[in-house]
Structure formats: C-alpha cells, structure tokens
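User: I would like to go through a structure with you. Could you take my questions one at a time?

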There are 2 protein chains.
Amino acid sequence: MTQERKILYLPPTGLSEDILSPEAVSILENLGTVIWNKLDRNYTDDELLEMIPGAAVVVTSWGSPQITEEHVAAAGDLQIVGHAAGSVKTRLAPSGHERAIVLLSAADVIAESVAEYTLWAMLSGQRNLFPYEKVMKEERGWKPAHNWPGHSLYSKKVGLVSASMVGRRVIGLLKPFDCDVTVYDPYLSEEDAHLLDVRSVSLEDLFADSDIISVHAPITPETRKMITGAHFQSIRDGALFVHTARSWVLDQDALLAELQKNRFNAYIDVFEPEPLSPDHPIRDLDNVFLSPHVSGHTVENRMRLVEEIVRDIQRFFNNESLRLVVPYEKLKIMA
Amino acid sequence: MTQERKILYLPPTGLSEDILSPEAVSILENLGTVIWNKLDRNYTDDELLEMIPGAAVVVTSWGSPQITEEHVAAAGDLQIVGHAAGSVKTRLAPSGHERAIVLLSAADVIAESVAEYTLWAMLSGQRNLFPYEKVMKEERGWKPAHNWPGHSLYSKKVGLVSASMVGRRVIGLLKPFDCDVTVYDPYLSEEDAHLLDVRSVSLEDLFADSDIISVHAPITPETRKMITGAHFQSIRDGALFVHTARSWVLDQDALLAELQKNRFNAYIDVFEPEPLSPDHPIRDLDNVFLSPHVSGHTVENRMRLVEEIVRDIQRFFNNESLRLVVPYEKLKIMA
C-alpha cells in the first residue's frame, strides 16, 4: 500500500549533504516510493512538470522550482508539500491552496537558531567583553572589571519587533532572565500577549523605552521600511539594538547615521544588499558587531531541516496534528 | 524603639559608590541608627573592636575586617552579620556561630552574573562568530555561513561540575535549550538532582561524555586540583570547556597542555595566579577566549549587593524567612 505512494524529493545532492539526515531518509522511504534527486543541481520547471503526475508528496528546499498552476493541474494526487527551508510565500500556487494541498515550512526550525543568535547577541552586547580579551591576547595585559562596564541582561526592558516564530522563541529563551518584555505586533491578540506574558506597545514606545531592542518582523508590503530614522533617534543612550530579520523592514541609511553618533551598540546580521559592499561605512564602527547573515545557520539545525518536515509528513498520513503547517490565510503576514 | 538598634556599615566610601543603592540606604536607616563608614578605607580590627559593642547588625563587604573571637566577645547584642560580597568562610568566628549570630552572604546575587557569563560563553563558543566579524571589519569582506561551522546549544549534552549557587543558576538558564544536563557533585542528593531535572554522574563520565563542560566548584580542601590532566585528555574533540570558578579546582598546566593540542575550545575567566603573567602561553591560543576574572561583575548586579543583604536583614527583624542565610554546617563545602 505505502509502496504505491509516490514521493518526490527535490533538493540537489550538495544541499542534501547538509540538510538530509539518515533518519530522514529512513522515515521517508517507509512512507512510500521516493524519487530522489541524484543531481547536484535543482530541477527545472519542465523536469518537475514531467515527474509530478502521480506524486502524493513533494519535498522542496532552497532553490527548488516553485509549484505553479501548471504543476498543480498535472498533480492530481498531490496531498502535501514539505518545504525544508524558510519562506513558502510563493512555494505553492493559489490553485494548490484552493485544492487544500497541505503546505509545510521549516521556518520554525530555523527560527530556533536565529533565536539562539539573538540571545547570544543580547548577552554579548550587555557584557562588553571583547576589549578585555583584546588586552589579554594582544597586550598580554590584565585590566580589572571596572575598565569597561558590563551590564546584566537580567531584569532589563527588552522590546521585540514582531511576535514572529523567531520573536516567540526569543521570548522563551528570555524567560529565566526575568526581563520586562514588550512586543510591537499589530497581529498579536491581547489573549496571545497574555499567554506569552508580554506587553503589547506601539513601535514608538518600544524604541524609546527599551534597554534592548531586537527586530524579528517578516517581509511584507506593510513592513517595508516601517522602522525609520525617528525610531532610531529615539533609542536610549547606552541601549542595544539587535537585527537578525531583514533590512527590508528598516531604513538602513538612517540606522547607519544614528550608529555613527556612537550613542548605542548594535549587533547586525542582515544587510541590503547582501553581500554588504566592501566600502560600506558601517564596517568602520566599533560600536557595531557585524556578521554575514549567519544567524539561522548551525550545523545541527540544518541537518534537522528535512527530518522535521518528514516527521510532519508522517504525522499527516497518520492523521496526527501537524507542527509545521502553514495556513493559507497567514501567508500574507509571513516572511 | 528601632531608633535604638545600632547598625554598623563597614564598606568604605569608594566601594559603596558601586554597591550601595539609595534604596539600600533608606531600608537600613529605617531599621535603626546606622553608623556609616565615612572613610575611603576599611576599618582596622581595633577600630571595629571599639565600635562593635551595642551593635545588633554589622554589614560587611570585600576587605572588611573579619569578625573574630574578640569582636564576638565584645558584641553582646550582635544578632546578624550581612556580607555584601561572596565568600563568608572566615567572616565570623566559630564563637559567633555558636551564639547563633545569623550570617548572610550575597554570593547568590553574584552567582546571577557568573551564570549569565557562562551562558554567554556557551552560546559564543558554540557559534564561533568571531572569524566572521573579523572578515566583515578587517577584510571588508563577506564569507558565507559554511566557512566556519556554527553549532547549536539546543539539545546538547552539558556537564556542570558542582551544583553550587552558580551551577544551579546555570541549570535554570539552560532550561529553554532542552539540553541533557549532567552534574558532578558529591553533595547533591538524588532528590535534589531530580528536582533540578539533571542526572548525577562521575567526574570522569562528565568530562568524557559532554559536548560542553562548565566548572562551578567551590574552593575547599577536597576540590584542590580535583580536575586533572586525565580529565582534560578525555574531553571530546570539538567540545567546549568553560571555566568561571577558581583555578584552585584544576591542574592549570595540564589544561594548558591539552588546549595547546587545539582539540577543543575554551572560555576561561579565572587563573592562578591573578593577574595572569604576561608571558603565559595560554595568551597565544586561538582556541581560547580569555577574560580577566570579570564573570561576576555587572554594574547592575554590584549595585544590588548591599540592597539584597539589607532586605534580608529587614526580613530577619520581621521574622520572615531569609533568602541569603548561610548555615554554619554548610561553610565547609562552600567557596
């Protein structure tokens, strides 16, 4: 019976080395007959169109062809699409959603790594330990603790822009620190805010009142440059700004201008464009820690991407409740 | 009535700038007549002997004179000693303990900052972000995520040496990361291990089986160099070793020798002797992050030291249960 279920696995071999665990292979092969992509490149739209008839399951990842109206029309048996990566906004054509094909995204798995980076950045920015290490290594010296004041994360006012998947995970990681967490998110209900034990505030109050600000907003038409120069100017002296979302959501030039005043510190992982241009003046700032869009990447987390998707596909066929399903009506407010 | 209660406050003015909050002053002055140390130096033993008669409360901190047999004999009204710092092993003479004078320590307040540093070090050591930042700043380049693999803290095997105050706080901070936490602590009961949701293991198994090892053992005769070369040699390749306790508890030369093999990474805040000598070869190692004994220092945490002690003194006189009391029988296994 399950042998007849046709499963298409689209990620190419090179990517699969990083994201496909032996456990995922085994689960998938128990669910049906898997057509593995044996090439080290993504299929073309036409190749997918040729192989999709009869498929019940399609597993995709970064670079896989989108599942278009034409694909959907040819895929009369398709029940579920599992995307072993983040954004699924255009992964499945509207006709697929209308036919109630289930769509899964591993965005919440990746969110775990972004949230870990965010907590690291908060602790790191508060503590200010790099100058001590520099003295220890480069000057072979010893400067006692009062030379560069370190600050606690414990009990600080933390403002999170968006209760997205990442934002919610950051709220979870902050729990033991007894912080006063506020959130700006027009889609967060009072009930959910209460369940998360956070206070909803305006974007203006969040920027003006927080010791630490972290951005987790998705790319949508309404988030485009929603964080402006006025917001950055209102950040408290000595505060910390952490950015791991996308530069889409803020005015990057205004951020730079405010950072150049050296009033507050920042940890920034995302830029526009990427790669960041070599002569970008943010590279000259001592009050900013820069990383090249790596917050979502850990070896272990990537190796779980297909596995977590495949476990949800297994749940689907067992009629169990799904963890990674993306409701069609939520796509418009998602990254 | 309370006006007649005599309170001695011993920390000198310079230290008080960092550790004495206005709130602490106000609480203390409501509890009795406070004799403040107006000098920028510690009192001598003789000065303390002169002023201690009639005192019900003595507040001490780093560098305050110890309360000796002679002081105790002269202090017939002394009910409570509050130490706004860590170690209280020799703070109060045995005759004071026999007379049931209550002893408070702010070690658990300081533990909060050490635990924050420890979690930072764990996240930092797993993620390996410094090479990326160096490329971003010094080379004005952009190296994508696979260049230096980052690792998760989530779900790792973490071994903690001692369920001390710091160790217990680290266990708390790790809760959201769903780690498999083991502890070596001969004084940890099975019941307490169960309550903390950790597994007790031998020191040997802890070193050999952990992805991350963090040392939180106190200075006692039995912990002297209890971590040996054999333990360090058994650490897994690619593991992370974090040390914020005291070098007393380990063989520092053996640690250096193993680190020089570049098999695993380490974050080390404590040394023997301190300051660390300028020519110490640990300063040359790229796989080690060094800081000069700052893990317990944050501006906010230090400013709470007297306040937390004074709140407990207030509880004492209100017959409420105390949070920072040190039982005499526990002194021998404490730092």
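Analyst: We can discuss the chain pair, then the domains, the core and one helix.

User: What kind of model is this?
Analyst: This is a predicted model.

User: Which rotation superposes chain A on chain B?
Analyst: A rotation of 180°, with 0.0 Å of shift along its axis, places chain A on chain B with an RMSD of 0.0 Å. The two copies are thus related as by a two-fold rotation axis.

User: Which C-alpha of chain A is nearest the axis?
Analyst: That of A:W120, which lies 3.0 Å from the axis.

User: And how many residues of each chain are in contact?
Analyst: The contact joins 43 residues of chain A to 43 residues of chain B. Both copies use the same surface, as 100% of the contact residues of chain A recur in chain B.

User: Which elements of chain A give two or more residues to that side?
Analyst: They are α6 (107-127), α7 (130-137), α8 (165-174), β12 (288-290) and α13 (299-303) of chain A. Of these, α6(A) gives the most, with nine residues.

User: What is the make-up of that side by class?
Analyst: The side of chain A that touches chain B has 23 nonpolar, ten polar and ten charged residues.

User: Changing topic: which domains are assigned in chain A?
Analyst: The assignment gives domain 1 (2-105 + 304-333) and domain 2 (109-290). Their C-alpha centres lie 34 Å apart.

User: How many residues does each domain give to the contact between them?
Analyst: Domain 1 of chain A gives six residues and domain 2 of chain A gives five residues. By class, the side of domain 1 that touches domain 2 has two nonpolar, one polar and three charged residues.

User: Now the core. Which residues touch the most other members of the largest nonpolar core?
Analyst: They are A:I309 and B:I309, in a core of 202 residues. As a general point, nonpolar side chains tend to be buried together in soluble globular proteins.

User: What is B:I309 in contact with?
Analyst: Leaving aside neighbours within four places in sequence, B:I309 is in contact with B:V59, B:G82, B:A84, B:L104, B:A106 and B:L324.

User: Last topic, helix α12 of chain B. Which of its residues are buried?
Analyst: In α12 (residues 252-259), the buried residues are B:Q252, B:L255, B:E258 and B:L259. These residues cover an arc of only 125° around the axis, so they are on the same side of α12(B).

User: What do they pack against?
Analyst: The buried residues of α12(B) pack against α11 (229-233), β11 (265-268) and β12 (288-290) of chain B.

Definitions and conventions. Residues numbered from 1 in each chain as written. Chains lettered and ligands numbered in written order. Predicted model: local features only at pLDDT ≥ 70, side-chain atom pairs only at ≥ 80, totals over all residues. Domains from an automatic or database assignment. Contact = placed C-beta atoms within 7 Å. Nonpolar A, V, L, I, M, F, W, Y, C, P; charged D, E, K, R; others polar. Core = buried A, V, L, I, M, F, W, Y, C linked by C-beta atoms within 7 Å. Buried ≥ 20, exposed ≤ 12 C-beta atoms within 10 Å, placed from the backbone. Least-squares fit on C-alpha atoms with pLDDT ≥ 70 in both. Helix = DSSP H or I, 4+ residues; strand = E, 2+ residues; numbered from the N terminus. Arc of directions from axis to C-beta.
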